[in-house]
Amino acid sequence: MSAIAEYRAWAEIDLEALANNLRWIRHGVGAGCGVITVVKADAYGHGLRQIAGCLMQNGTDVLGVANLAEASNVRAAGEGWPVLMLGACQSEREFKTLCQANVAATVSSREEILELARVAGRFRQRALVHLKIDTGMSRLGVAPGGALKLATLIAEQPFLSFDGVYTHLSSSEEDALFTGDQLKRFSSCLELFKSAGLVIPKIHALNSGGIAYETTRVGNHVRPGLLVYGITPPGKRTETADWLTRLRPVLALKSRISHIKTISCGSAVSYGQSAVCSRSTRLATVCIGYGDGILRSASRRMEVLIAGQRCPVVGVITMDQMMVDVSHLPMLQRGDEVVVIGAQGEDELLAGDLASAAGSIVWEILTSITQRVPRIYRGISVG
Ligand SMILES: *Cc1c(COP(=O)(O)O)cnc(C)c1O
(Lines give C-alpha, C1' and ligand atoms only; values in the text may rest on other atoms or scores of the structure.)
Protein backbone atom coordinates (compact mmCIF):
# COMPACT_ATOMS: atom_id res chain seq x y z
CA MET A 1 0.00 0.00 0.00
CA SER A 2 2.87 2.38 0.77
CA ALA A 3 4.01 2.54 -2.88
CA ILE A 4 0.47 3.14 -4.07
CA ALA A 5 0.13 6.03 -1.64
CA GLU A 6 2.55 7.95 -3.87
CA TYR A 7 0.73 7.35 -7.15
CA ARG A 8 -1.55 9.96 -8.71
CA ALA A 9 -3.30 7.40 -10.85
CA TRP A 10 -2.71 3.69 -11.21
CA ALA A 11 -4.19 0.49 -12.61
CA GLU A 12 -4.55 -2.57 -10.41
CA ILE A 13 -4.28 -5.80 -12.38
CA ASP A 14 -5.67 -8.89 -10.68
CA LEU A 15 -3.75 -11.88 -12.06
CA GLU A 16 -5.84 -14.31 -10.07
CA ALA A 17 -8.94 -13.01 -11.86
CA LEU A 18 -7.09 -13.44 -15.17
CA ALA A 19 -6.18 -17.06 -14.40
CA ASN A 20 -9.73 -17.65 -13.19
CA ASN A 21 -11.20 -16.19 -16.40
CA LEU A 22 -8.96 -18.40 -18.55
CA ARG A 23 -10.10 -21.46 -16.58
CA TRP A 24 -13.77 -20.56 -17.10
CA ILE A 25 -13.22 -19.99 -20.82
CA ARG A 26 -11.56 -23.43 -21.02
CA HIS A 27 -14.53 -24.90 -19.18
CA GLY A 28 -16.93 -23.04 -21.46
CA VAL A 29 -15.41 -24.16 -24.75
CA GLY A 30 -14.85 -27.69 -23.50
CA ALA A 31 -11.96 -30.12 -23.44
CA GLY A 32 -10.28 -30.61 -26.78
CA CYS A 33 -10.69 -26.98 -27.80
CA GLY A 34 -7.48 -24.96 -27.75
CA VAL A 35 -7.30 -21.36 -26.59
CA ILE A 36 -5.37 -18.69 -28.48
CA THR A 37 -5.41 -15.79 -26.04
CA VAL A 38 -5.10 -12.36 -27.63
CA VAL A 39 -2.53 -10.11 -25.93
CA LYS A 40 -2.20 -7.40 -28.58
CA ALA A 41 -2.01 -3.69 -27.68
CA ASP A 42 -0.04 -4.34 -24.49
CA ALA A 43 -2.52 -7.05 -23.50
CA TYR A 44 -5.46 -4.65 -23.86
CA GLY A 45 -3.60 -2.15 -21.68
CA HIS A 46 -2.94 -4.69 -18.89
CA GLY A 47 0.80 -5.09 -19.61
CA LEU A 48 2.03 -7.59 -22.21
CA ARG A 49 4.82 -9.36 -20.34
CA GLN A 50 3.02 -9.96 -17.08
CA ILE A 51 -0.21 -11.01 -18.76
CA ALA A 52 1.53 -13.28 -21.28
CA GLY A 53 3.52 -14.90 -18.44
CA CYS A 54 0.45 -15.47 -16.32
CA LEU A 55 -1.53 -16.90 -19.24
CA MET A 56 1.27 -19.32 -20.17
CA GLN A 57 1.53 -20.45 -16.54
CA ASN A 58 -2.19 -21.04 -16.52
CA GLY A 59 -2.48 -23.06 -19.68
CA THR A 60 -3.19 -20.94 -22.71
CA ASP A 61 -2.15 -22.77 -25.88
CA VAL A 62 -1.06 -19.82 -28.02
CA LEU A 63 -0.62 -16.07 -27.55
CA GLY A 64 -2.04 -13.84 -30.29
CA VAL A 65 -0.32 -10.52 -31.06
CA ALA A 66 -0.97 -7.81 -33.64
CA ASN A 67 2.49 -6.97 -34.96
CA LEU A 68 6.15 -7.83 -35.01
CA ALA A 69 7.15 -5.60 -32.08
CA GLU A 70 4.59 -7.33 -29.88
CA ALA A 71 5.73 -10.74 -31.13
CA SER A 72 9.34 -9.86 -30.24
CA ASN A 73 8.29 -8.68 -26.77
CA VAL A 74 6.52 -11.95 -26.09
CA ARG A 75 9.48 -13.88 -27.47
CA ALA A 76 11.84 -11.97 -25.16
CA ALA A 77 9.66 -12.91 -22.19
CA GLY A 78 9.32 -16.59 -23.04
CA GLU A 79 11.62 -18.49 -25.39
CA GLY A 80 9.35 -21.38 -26.30
CA TRP A 81 5.93 -19.79 -26.02
CA PRO A 82 3.74 -20.38 -29.08
CA VAL A 83 2.88 -17.05 -30.70
CA LEU A 84 0.62 -16.20 -33.62
CA MET A 85 0.91 -12.81 -35.29
CA LEU A 86 -2.61 -11.80 -36.31
CA GLY A 87 -1.49 -8.85 -38.43
CA ALA A 88 0.20 -9.09 -41.80
CA CYS A 89 3.95 -8.85 -42.39
CA GLN A 90 4.94 -5.72 -44.30
CA SER A 91 8.11 -6.98 -45.96
CA GLU A 92 10.49 -9.87 -46.48
CA ARG A 93 12.55 -8.50 -43.60
CA GLU A 94 9.57 -8.82 -41.27
CA PHE A 95 8.96 -12.39 -42.44
CA LYS A 96 12.62 -13.11 -41.73
CA THR A 97 12.39 -11.82 -38.14
CA LEU A 98 9.15 -13.73 -37.58
CA CYS A 99 10.64 -16.91 -39.01
CA GLN A 100 13.78 -16.66 -36.84
CA ALA A 101 11.66 -16.06 -33.75
CA ASN A 102 9.52 -19.08 -34.67
CA VAL A 103 6.34 -16.99 -34.54
CA ALA A 104 3.43 -18.14 -36.70
CA ALA A 105 2.56 -15.77 -39.55
CA THR A 106 -0.84 -14.84 -40.94
CA VAL A 107 -1.05 -14.84 -44.73
CA SER A 108 -3.89 -13.75 -47.04
CA SER A 109 -2.29 -13.80 -50.49
CA ARG A 110 -0.13 -15.72 -52.93
CA GLU A 111 2.65 -13.09 -52.69
CA GLU A 112 2.89 -13.42 -48.93
CA ILE A 113 3.03 -17.21 -49.10
CA LEU A 114 5.81 -17.20 -51.68
CA GLU A 115 7.73 -14.48 -49.83
CA LEU A 116 7.64 -16.41 -46.56
CA ALA A 117 8.51 -19.68 -48.33
CA ARG A 118 11.55 -18.00 -49.90
CA VAL A 119 12.74 -16.60 -46.56
CA ALA A 120 12.19 -19.89 -44.75
CA GLY A 121 14.01 -21.78 -47.51
CA ARG A 122 16.99 -19.49 -47.22
CA PHE A 123 17.23 -20.24 -43.48
CA ARG A 124 16.40 -23.93 -43.90
CA GLN A 125 13.84 -23.50 -41.18
CA ARG A 126 10.15 -24.44 -41.40
CA ALA A 127 7.96 -21.38 -40.93
CA LEU A 128 4.58 -21.68 -39.24
CA VAL A 129 1.68 -20.33 -41.31
CA HIS A 130 -1.96 -19.54 -40.65
CA LEU A 131 -4.11 -18.84 -43.70
CA LYS A 132 -6.74 -16.18 -43.12
CA ILE A 133 -10.06 -16.30 -44.94
CA ASP A 134 -12.19 -13.18 -45.31
CA THR A 135 -15.78 -14.23 -44.67
CA GLY A 136 -17.31 -10.78 -44.27
CA MET A 137 -15.01 -8.41 -42.40
CA SER A 138 -13.18 -7.16 -45.53
CA ARG A 139 -9.97 -6.67 -43.58
CA LEU A 140 -7.24 -9.33 -43.94
CA GLY A 141 -7.91 -12.65 -45.62
CA VAL A 142 -8.43 -14.30 -48.98
CA ALA A 143 -11.97 -14.47 -50.40
CA PRO A 144 -13.55 -17.91 -49.80
CA GLY A 145 -13.46 -18.61 -53.54
CA GLY A 146 -9.66 -18.38 -53.59
CA ALA A 147 -8.99 -20.16 -50.30
CA LEU A 148 -8.43 -23.71 -51.59
CA LYS A 149 -5.87 -22.54 -54.12
CA LEU A 150 -3.84 -20.74 -51.44
CA ALA A 151 -4.18 -23.61 -48.98
CA THR A 152 -2.83 -26.00 -51.61
CA LEU A 153 0.02 -23.61 -52.37
CA ILE A 154 0.99 -23.51 -48.66
CA ALA A 155 0.86 -27.29 -48.39
CA GLU A 156 3.22 -27.60 -51.40
CA GLN A 157 5.97 -25.48 -49.88
CA PRO A 158 8.70 -27.63 -48.30
CA PHE A 159 9.68 -24.94 -45.82
CA LEU A 160 6.20 -23.95 -44.71
CA SER A 161 4.38 -25.70 -41.92
CA PHE A 162 0.61 -25.33 -42.35
CA ASP A 163 -0.26 -24.61 -38.71
CA GLY A 164 -3.71 -23.06 -38.98
CA VAL A 165 -6.62 -21.56 -40.86
CA TYR A 166 -8.93 -18.89 -39.51
CA THR A 167 -11.45 -16.15 -40.08
CA HIS A 168 -12.59 -13.16 -38.03
CA LEU A 169 -16.17 -12.22 -37.11
CA SER A 170 -17.32 -8.64 -37.57
CA SER A 171 -20.56 -8.62 -35.54
CA SER A 172 -20.46 -11.56 -33.15
CA GLU A 173 -22.08 -9.69 -30.23
CA GLU A 174 -24.62 -7.86 -32.40
CA ASP A 175 -25.89 -9.91 -35.31
CA ALA A 176 -26.58 -13.65 -35.09
CA LEU A 177 -27.63 -13.87 -38.74
CA PHE A 178 -24.53 -12.23 -40.21
CA THR A 179 -22.31 -14.20 -37.84
CA GLY A 180 -24.03 -17.40 -38.94
CA ASP A 181 -23.36 -16.52 -42.59
CA GLN A 182 -19.69 -15.85 -41.87
CA LEU A 183 -19.33 -19.18 -40.08
CA LYS A 184 -21.09 -21.00 -42.94
CA ARG A 185 -18.68 -19.52 -45.48
CA PHE A 186 -15.77 -20.58 -43.28
CA SER A 187 -17.15 -24.10 -42.83
CA SER A 188 -17.59 -24.48 -46.59
CA CYS A 189 -13.90 -23.71 -47.07
CA LEU A 190 -13.01 -26.25 -44.39
CA GLU A 191 -15.05 -28.89 -46.25
CA LEU A 192 -13.12 -28.17 -49.45
CA PHE A 193 -9.81 -28.42 -47.60
CA LYS A 194 -10.85 -31.73 -46.12
CA SER A 195 -11.88 -33.15 -49.51
CA ALA A 196 -8.51 -32.08 -50.87
CA GLY A 197 -6.83 -34.07 -48.09
CA LEU A 198 -5.29 -31.05 -46.38
CA VAL A 199 -4.50 -31.54 -42.72
CA ILE A 200 -4.44 -28.33 -40.69
CA PRO A 201 -3.91 -28.56 -36.92
CA LYS A 202 -5.50 -25.30 -35.75
CA ILE A 203 -8.88 -24.11 -37.00
CA HIS A 204 -10.30 -20.98 -35.37
CA ALA A 205 -13.04 -18.42 -35.88
CA LEU A 206 -14.52 -17.34 -32.57
CA ASN A 207 -13.50 -14.11 -30.85
CA SER A 208 -15.00 -13.18 -27.45
CA GLY A 209 -18.42 -12.39 -28.90
CA GLY A 210 -18.41 -15.65 -30.83
CA ILE A 211 -17.49 -17.66 -27.74
CA ALA A 212 -20.09 -15.87 -25.65
CA TYR A 213 -23.03 -15.94 -28.03
CA GLU A 214 -22.53 -18.82 -30.50
CA THR A 215 -23.78 -22.16 -29.28
CA THR A 216 -22.02 -24.26 -31.92
CA ARG A 217 -18.24 -24.29 -31.96
CA VAL A 218 -16.70 -23.94 -35.37
CA GLY A 219 -13.09 -25.13 -35.39
CA ASN A 220 -10.89 -26.64 -32.69
CA HIS A 221 -9.46 -23.42 -31.22
CA VAL A 222 -10.98 -20.14 -30.03
CA ARG A 223 -9.42 -16.69 -30.00
CA PRO A 224 -10.62 -14.64 -26.99
CA GLY A 225 -9.33 -11.20 -26.14
CA LEU A 226 -11.82 -9.21 -24.09
CA LEU A 227 -13.29 -12.27 -22.33
CA VAL A 228 -10.03 -13.24 -20.69
CA TYR A 229 -9.78 -9.73 -19.24
CA GLY A 230 -13.14 -10.44 -17.62
CA ILE A 231 -15.49 -8.51 -19.87
CA THR A 232 -18.27 -10.01 -21.98
CA PRO A 233 -18.67 -7.96 -25.18
CA PRO A 234 -21.87 -5.98 -24.78
CA GLY A 235 -24.25 -5.92 -27.73
CA LYS A 236 -27.72 -6.68 -29.03
CA ARG A 237 -27.32 -10.40 -28.48
CA THR A 238 -28.04 -11.60 -24.97
CA GLU A 239 -25.91 -13.94 -22.93
CA THR A 240 -26.43 -17.63 -23.23
CA ALA A 241 -23.96 -19.56 -21.11
CA ASP A 242 -24.01 -19.46 -17.30
CA TRP A 243 -20.25 -19.58 -16.93
CA LEU A 244 -19.93 -16.06 -18.39
CA THR A 245 -21.22 -14.63 -15.13
CA ARG A 246 -18.16 -16.17 -13.42
CA LEU A 247 -15.71 -13.92 -15.27
CA ARG A 248 -14.28 -11.04 -13.25
CA PRO A 249 -12.78 -7.80 -14.58
CA VAL A 250 -8.99 -7.97 -14.29
CA LEU A 251 -8.31 -4.24 -14.37
CA ALA A 252 -9.28 -1.49 -11.93
CA LEU A 253 -8.35 2.14 -12.58
CA LYS A 254 -7.87 4.37 -9.57
CA SER A 255 -6.72 7.81 -8.58
CA ARG A 256 -7.00 10.09 -5.59
CA ILE A 257 -8.25 13.46 -4.45
CA SER A 258 -5.54 16.12 -4.53
CA HIS A 259 -7.63 19.10 -3.40
CA ILE A 260 -11.09 19.85 -1.98
CA LYS A 261 -12.94 23.12 -1.69
CA THR A 262 -16.41 24.61 -1.72
CA ILE A 263 -17.12 26.95 -4.59
CA SER A 264 -19.99 29.42 -4.57
CA CYS A 265 -23.10 29.40 -6.72
CA GLY A 266 -22.27 30.81 -10.16
CA SER A 267 -18.60 29.69 -10.14
CA ALA A 268 -17.22 28.43 -13.44
CA VAL A 269 -15.46 25.04 -13.55
CA SER A 270 -12.67 23.84 -15.87
CA TYR A 271 -11.48 25.04 -19.29
CA GLY A 272 -13.86 27.20 -21.25
CA GLN A 273 -16.01 27.62 -18.12
CA SER A 274 -17.48 24.35 -19.30
CA ALA A 275 -19.69 24.10 -16.20
CA VAL A 276 -21.22 26.84 -14.07
CA CYS A 277 -22.48 25.78 -10.64
CA SER A 278 -26.13 26.48 -9.95
CA ARG A 279 -25.53 26.13 -6.22
CA SER A 280 -22.71 26.19 -3.72
CA THR A 281 -20.75 23.03 -4.56
CA ARG A 282 -18.16 20.94 -2.74
CA LEU A 283 -15.68 20.08 -5.47
CA ALA A 284 -12.87 17.53 -5.39
CA THR A 285 -9.96 17.75 -7.81
CA VAL A 286 -8.84 14.26 -8.88
CA CYS A 287 -5.35 13.52 -10.31
CA ILE A 288 -6.35 11.73 -13.49
CA GLY A 289 -7.21 13.11 -16.92
CA TYR A 290 -7.14 12.42 -20.63
CA GLY A 291 -3.33 12.23 -20.49
CA ASP A 292 -3.91 9.06 -18.48
CA GLY A 293 -6.48 7.77 -20.94
CA ILE A 294 -9.80 9.01 -19.60
CA LEU A 295 -11.42 9.97 -22.89
CA ARG A 296 -12.39 13.65 -22.83
CA SER A 297 -15.68 12.82 -24.52
CA ALA A 298 -16.78 11.28 -21.19
CA SER A 299 -16.73 14.73 -19.56
CA ARG A 300 -19.96 15.59 -17.75
CA ARG A 301 -21.38 12.12 -18.39
CA MET A 302 -19.04 9.92 -16.39
CA GLU A 303 -19.11 9.18 -12.69
CA VAL A 304 -16.45 8.01 -10.26
CA LEU A 305 -16.71 6.20 -6.93
CA ILE A 306 -15.49 7.90 -3.77
CA ALA A 307 -16.22 6.39 -0.37
CA GLY A 308 -18.41 3.88 -2.22
CA GLN A 309 -20.66 6.64 -3.59
CA ARG A 310 -21.13 7.78 -7.20
CA CYS A 311 -19.91 11.30 -7.88
CA PRO A 312 -20.39 13.09 -11.23
CA VAL A 313 -17.54 14.74 -13.12
CA VAL A 314 -18.08 18.51 -13.48
CA GLY A 315 -16.87 20.43 -16.53
CA VAL A 316 -14.46 19.07 -19.12
CA ILE A 317 -11.77 16.56 -18.20
CA THR A 318 -8.32 18.16 -18.44
CA MET A 319 -5.04 16.47 -19.35
CA ASP A 320 -3.96 15.59 -15.83
CA GLN A 321 -6.93 16.32 -13.59
CA MET A 322 -10.68 16.43 -13.41
CA MET A 323 -13.21 17.92 -11.03
CA VAL A 324 -15.91 15.95 -9.27
CA ASP A 325 -19.00 17.07 -7.34
CA VAL A 326 -18.74 15.67 -3.80
CA SER A 327 -21.35 17.91 -2.16
CA HIS A 328 -23.08 14.81 -0.76
CA LEU A 329 -19.88 13.57 0.92
CA PRO A 330 -18.73 16.16 3.49
CA MET A 331 -16.24 13.83 5.22
CA LEU A 332 -13.84 13.39 2.29
CA GLN A 333 -10.20 14.40 2.57
CA ARG A 334 -7.26 15.08 0.34
CA GLY A 335 -5.62 11.73 -0.54
CA ASP A 336 -8.86 9.73 -0.54
CA GLU A 337 -9.07 7.02 -3.18
CA VAL A 338 -11.15 7.57 -6.32
CA VAL A 339 -12.29 4.63 -8.44
CA VAL A 340 -12.76 5.24 -12.16
CA ILE A 341 -13.11 1.56 -13.11
CA GLY A 342 -13.64 -1.08 -10.44
CA ALA A 343 -15.43 -1.80 -7.19
CA GLN A 344 -15.54 0.30 -4.05
CA GLY A 345 -17.83 -0.34 -1.09
CA GLU A 346 -21.01 -1.94 -2.40
CA ASP A 347 -20.83 -0.37 -5.85
CA GLU A 348 -18.85 -1.07 -9.01
CA LEU A 349 -18.08 0.91 -12.15
CA LEU A 350 -17.38 -1.17 -15.23
CA ALA A 351 -15.19 -0.30 -18.20
CA GLY A 352 -18.46 -0.50 -20.12
CA ASP A 353 -19.91 2.37 -18.06
CA LEU A 354 -17.00 4.59 -19.02
CA ALA A 355 -17.35 3.44 -22.64
CA SER A 356 -21.02 4.47 -22.68
CA ALA A 357 -20.20 7.83 -21.10
CA ALA A 358 -17.47 8.44 -23.69
CA GLY A 359 -19.51 7.19 -26.64
CA SER A 360 -16.86 4.52 -27.16
CA ILE A 361 -16.34 0.78 -26.75
CA VAL A 362 -14.65 -1.13 -23.92
CA TRP A 363 -11.75 -2.21 -26.15
CA GLU A 364 -10.88 1.45 -26.74
CA ILE A 365 -11.28 2.38 -23.07
CA LEU A 366 -8.78 -0.31 -22.01
CA THR A 367 -6.22 0.40 -24.74
CA SER A 368 -6.42 4.16 -24.09
CA ILE A 369 -4.90 3.91 -20.61
CA THR A 370 -1.51 5.51 -21.18
CA GLN A 371 1.99 4.43 -20.22
CA ARG A 372 2.28 6.99 -17.44
CA VAL A 373 -0.29 5.03 -15.43
CA PRO A 374 1.67 2.43 -13.44
CA ARG A 375 0.27 -1.10 -13.54
CA ILE A 376 0.25 -2.78 -10.12
CA TYR A 377 0.01 -6.56 -10.24
CA ARG A 378 -1.82 -8.55 -7.59
CA GLY A 379 -3.07 -12.05 -7.05
CA ILE A 380 -0.26 -14.40 -7.97
CA SER A 381 3.45 -13.87 -8.08
CA VAL A 382 4.88 -13.13 -11.51
CA GLY A 383 8.32 -14.19 -12.69
C1 LIG B 1 -8.47 -8.57 -31.53
C2 LIG B 1 -8.74 -9.85 -32.20
C3 LIG B 1 -9.35 -10.91 -31.49
C4 LIG B 1 -9.89 -10.76 -30.09
O5 LIG B 1 -11.09 -10.03 -30.12
P6 LIG B 1 -12.02 -9.89 -28.82
O7 LIG B 1 -13.27 -9.32 -29.36
O8 LIG B 1 -11.34 -8.96 -27.88
O9 LIG B 1 -12.17 -11.26 -28.27
C10 LIG B 1 -9.46 -12.12 -32.13
N11 LIG B 1 -9.01 -12.29 -33.40
C12 LIG B 1 -8.46 -11.30 -34.12
C13 LIG B 1 -8.04 -11.54 -35.52
C14 LIG B 1 -8.32 -10.04 -33.55
O15 LIG B 1 -7.78 -9.05 -34.27
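This tour moves from the ligand outward to selected residues of a predicted model.

**The ligand and its surroundings**

Begin by selecting the ligand, which sits in the largest pocket. Displaying the residues around the ligand brings up a shell of 14, and the closest of them are K40, Y44, S208, R223 and G225. Sorted by class, this shell comprises six nonpolar, four polar and four charged residues.

Next, show side chains and look for polar atoms that face the ligand. At Y44, an N or O atom of the side chain is 2.6 Å from an oxygen atom of the ligand. At W363, the distance from a polar side-chain atom to a ligand oxygen is 2.9 Å. At R139, a polar side-chain atom lies 3.3 Å from an oxygen atom of the ligand. With a surface drawn over the protein, consider how much of the ligand is covered: of the 390 Å² of accessible area that the ligand has on its own, the protein covers 92%.

**From R223 to H168**

Keep R223 selected, as R223 is among the residues closest to the ligand, and add H168. The side chains of these two residues are joined by a polar contact of 3.0 Å. H168 belongs to the loop that runs between β7 (160-166) and α8 (176-195). Is H168 buried or exposed? H168 counts as buried because its relative accessibility is 16%, and the cut-off for that class is under 20%.

**Into helix α8**

Follow the chain from this loop into helix α8, where F178 is found. F178 is classed as partly exposed, with a relative accessibility of 27%. Now select G136 as well and draw a C-alpha to C-alpha distance. The two residues are 42 positions apart in sequence, and their C-alpha atoms are 8.4 Å apart in space.

**The loop after β6**

Move to L140, in the loop between β6 (127-132) and α7 (144-156). L140 is partly exposed, at a relative accessible area of 26%. A second C-alpha distance may be drawn here, from L140 to S172: the separation along the chain is 32 residues, and in space it is 17 Å.

**Two residues with positive phi**

Go to the other end of β6 and select R124, in the loop that connects α6 (110-123) with β6. The phi angle of R124 is near 50°, a positive value in a residue other than glycine. R124 is exposed, since its relative accessible area is 66% and the class begins over 50%.

The next stop is S270, in the loop between β11 (268-269) and β12 (275-276). S270 is not a glycine, yet its phi is positive, at about 70°.

**Inside strand β10**

Select residues 251-263 to display strand β10, which contains S255. What is the relative accessible area of S255? The value is 0%, and S255 is therefore buried. Adding C287 to the selection reveals a partner for this side chain: the side chain of S255 reaches the backbone oxygen of C287 at 3.3 Å.

**Long separations along the chain**

The last two stops concern pairs of residues set apart in sequence. For the first pair, select A66, in the loop between β3 (62-65) and α4 (68-77). A66 is partly exposed, with 31% relative accessibility. Add N220, which is 154 residues from A66 along the chain; the C-alpha atoms of the pair are separated by 21 Å.

For the second pair, select residues 337-344, which form strand β17 and include G342. G342 counts as buried, at 7% relative accessibility. How far from G342 is the C-alpha atom of A11? The separation in space is 9.8 Å, while the two residues are 331 residues apart along the chain.

Note on methods:
Residues are numbered from 1 along each chain as its sequence is written. This is a predicted model: local features need pLDDT of at least 70, side-chain atom pairs count only at pLDDT 80 or more; totals for chains, interfaces and linings use all residues. Side-chain values use heavy atoms; hydrogens and water are left out. A residue is near a molecule or strand if one of its heavy atoms lies within 4 Å of it. A polar contact is a pair of N or O atoms within 3.5 Å; within protein, one must be able to donate a hydrogen and the other to accept it, and residues adjacent in sequence count only if both atoms are side-chain atoms. Accessible areas come from the Shrake-Rupley method with a 1.4 Å probe; for residues, only the protein chains shown count as cover. On a 1 Å grid over the protein atoms alone, a cavity is a set of points where a 1.4 Å probe fits but cannot get out, and a pocket is an open set with protein on both sides within 12 Å along at least five of seven lines; lining residues have an atom within 4 Å of a point. A molecule sits in a cavity or pocket if more than half of its atoms lie within 2 Å of its grid points. Ala, Val, Leu, Ile, Met, Phe, Trp, Tyr, Cys and Pro count as nonpolar, Asp, Glu, Lys and Arg as charged, and the others, Gly among them, as polar. Helices (H or I, at least four residues) and strands (E, at least two) are DSSP runs, numbered from the N terminus. Buried means under 20% relative accessible area, exposed over 50%, partly exposed in between (1.4 Å probe, protein chains only).
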